[in-house]
Amino acid sequence: MGSQGDVRNGGENMAAWLVAVNTLKIQPFELPPLGPHDVRVRMKAVGICGSDVHYLKTLRCAHFVVEEPMVIGHECAGIIEEIGSEVTHLVPGDRVALEPGISCWRCSYCKQGSYNLCPEMKFFATPPVHGSLANQVVHPAELCFKLPDDISLEEGAMCEPLSVGVHACRRANVGPETNVLIMGAGPIGLVALLAARAFGAPRVVIVDVDEFRLSVAKDLGASETVQVSTKAEDVAGEVELIKKAMGEAVDITLDCAGFTKTMTTALNVTRPGGKVCLVGMGHNEMTVPLTPAAAREVDVVGVFRYKNTWPLCIDFLRSGKIDVKPLITHRFGFSQKEVEDAFETSARGGSAIKVMFNL
Amino acid sequence: MGSQGDVRNGEEENMAAWLVAVNTLKIQPFKLPSLGPYDVRVRMKAVGICGSDVHYLKTLRCAHFVVEEPMVIGHECAGIVEEIGSEVTHLVPGDRVALEPGISCWRCSYCKQGSYNLCPEMKFFATPPVHGSLANQVVHPADLCFKLPEDITLEEGAMCEPLSVGVHACRRANVGPETNVLIMGAGPIGLVALLAARAFGAPRVVIVDVDEFRLSVAKDLGASETVKVSTNEEDVAGEVELIKKAMGESVDITLDCAGFNKTMTTALNATRPGGKVCLVGMGHNEMTVPLTPAAAREVDVVGVFRYKNTWPLCIEFLRSGKIDVKPLITHRFGFSQKEVEDAFETSAHGGSAIKVMFNL
């Protein structure tokens, strides 16, 4: 595995740039100057997210549009090489996981603790902000979280997708008394599963169309799995199968697929007074039985990324409550060809859950 | 205004308005159950008509509830206690009370955890197969009868029921002194939601409707601004802009008291990130809405099913003057066969009829 642009011997900082549809190029990436509260991090592990793939294929994601070449990647961890003058909690050599988004800390969202909703958010690889699939990045020190010695840098990079699962569990109030249903056993459904167990959910049932992914889920601690179809007419029957698999009421459903069918199933199967958390972004406009659900006080909560999740993720990893290593199924180095192959593997899905770069 | 079946001297036959077939109400005898130790017998004085009563009249069903046998209609009510059970200590004959319709089981986990409105064994006035309260008298648990202050009328007491829907919605959506509220629909439910939102301290309440008369009523009831909207889905984007301008600041909470695709779409689009949309109305069953973009802005959707623990607060709002429900009562009828028929026709007609009230 080659590592292009290894600047230890005075080379140039290189990064993987999205330059056009389906076109990634490893090119120089000039770092900004180091501010007093910043650190310079040598990237060691960077994972590929579904949004990275989406930008590659379409140059857009939701309302964000890539209008100029942009460095891709945001799930990352590395080693501190230089610290700004005001940085006290980190020193060169520290191994850190990075939280991607820089908020403004002046608006009402930030001040009220919902910094993930900051309208001025600057987030790795959400245009026009450059990502972190690079030899080095400069980043605010308070968004770099030190990893315990026995947690690998790959696990550090996994804190980012894991944070989505953790935030969803918090928003949906997952806890030791809530039976949880998860729609979808893709990377997000699986981190939601890991998080739900870590939050103490006594039963977690997970559904998917794909038997391999369900078997991975079973190994990761799902109480039961149910194979479902993509056909809308199967909803009623699948609701019954799910109830049987859970054995008790479904208190919370995390829809990590986000399609009309999965939301319809979720709304129908969740008990009165329960919650459905819409995590996945399959369909934009949905035709769903919202009124009967609302009339049973089944609430629908959404998630946008995460907030204040890195310390908890690191503690879950440290204590062994969560083991993310099985999710990393494919590894690539940082060269032009490997970057292309890695994204192709990730886009293909199937047996590829998390594709990880080692730099 | 006649009052059929009122026979205070001698053997009285209790009469009620029965739903016997589609579009067919008949005043007929209604035998009361025996008075239990925790029950009271109440002489009904004021009963309002709800949209659900009209829906049952026209279709014999509402959501998944189906009228399979003749059923007494009506559930928004207040009256005078005439007899109390042996264990009743907080009420005496002569007390004027507003009635909370639903009897929960108090054994299930929903009841025990404070969500008794979700009790699967709930027995609710005029939700089949449970008889309603448009009658001379009913027997009801004393703990569901709330004494009215002297200067609050029995009609206002009956209004506590629809007002409770607005109060529960405001609680579920966390309406308070820092939340700007948008209300979709200025029908009876939108209007009680408006009254409740102001009582909960909402600094700004913007209300929208297609009907100018209803918007003028809303303005009189304390809406900060009103916006007239259409039923055309293509007008959503423009209306969102008008709403934002009318509010002046961000929309923190939207109470959709109409419950249609268009109103929910507008609600989801107009509400700020991190805000809440409360779906109160039951216009459409299956909805086509931009749920994902809203969820990705953490705009939560909460629903309501009736209410819980709202009567004391409603009565306090009325007592203190924070809420005045009297303007909502637009039409009054007595309790005779013809007047019952006319009253339901008036209520079904909508338009300038907001709350139709029976005086018995």
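**Chain B, from the whole fold to one helix pair**

**Figure 1. Chain B has 10 helices and 21 strands.** What you're looking at is a predicted model. How compact is chain B? Its radius of gyration comes out at 20 Å, and the globule rule gives 21 Å for 360 residues, so chain B is as compact as a globular protein of that length. If you boxed up its C-alpha atoms along the principal axes, you'd need roughly 65 × 40 × 35 Å.

**Figure 2. A look at burial and contacts in chain B.** Of the 360 residues here, 59% count as buried. Now take the contacts in chain B with a separation of 6 or more: 71% of them come from residues 24 or more positions apart.

**Figure 3. Helices H4 and H5 of chain B pack at an angle of about 20°.** H4(B) covers residues 188-199, H5(B) covers residues 212-220, and their axes lie 10 Å apart. Why do we call the pair roughly parallel? Angles under 35 degrees count as roughly parallel, and H4(B) and H5(B) therefore fit that description. Their crossing is right-handed.

**Figure 4. Zooming in on the residues where H4(B) meets H5(B).** Which residues make the contact? From H4(B), look for Pro188(B), Leu191(B) and Leu194(B); from H5(B), find Arg214(B), Val217(B) and Ala218(B). Sort this contact by class and you get 5 nonpolar residues, 1 charged residue and no polar ones.

Methods
Residues are numbered from 1 along each chain as its sequence is written. Chains are lettered from A and ligands numbered from 1 in the order in which they are written. This is a predicted model: local features need pLDDT of at least 70, side-chain atom pairs count only at pLDDT 80 or more; totals for chains, interfaces and linings use all residues. Side-chain values use heavy atoms; hydrogens and water are left out. Axes are lines fitted to C-alpha atoms, for helices over the stretch in contact, and angles run from 0 to 180 degrees between N-to-C directions. Helices (H or I, at least four residues) and strands (E, at least two) are DSSP runs, numbered from the N terminus. Angles under 35 degrees count as roughly parallel, over 145 as roughly antiparallel, 65 to 115 as roughly perpendicular and the rest as oblique. A crossing is left-handed if the near helix is turned anticlockwise from the far one by less than a right angle, and right-handed if clockwise. Contact means heavy atoms within 4.5 Å. Ala, Val, Leu, Ile, Met, Phe, Trp, Tyr, Cys and Pro count as nonpolar, Asp, Glu, Lys and Arg as charged, and the others, Gly among them, as polar. The radius of gyration is taken over C-alpha atoms; the globule rule is 2.2 Å times the number of residues to the power 0.38. Buried means under 20% relative accessible area, exposed over 50%, partly exposed in between (1.4 Å probe, protein chains only).
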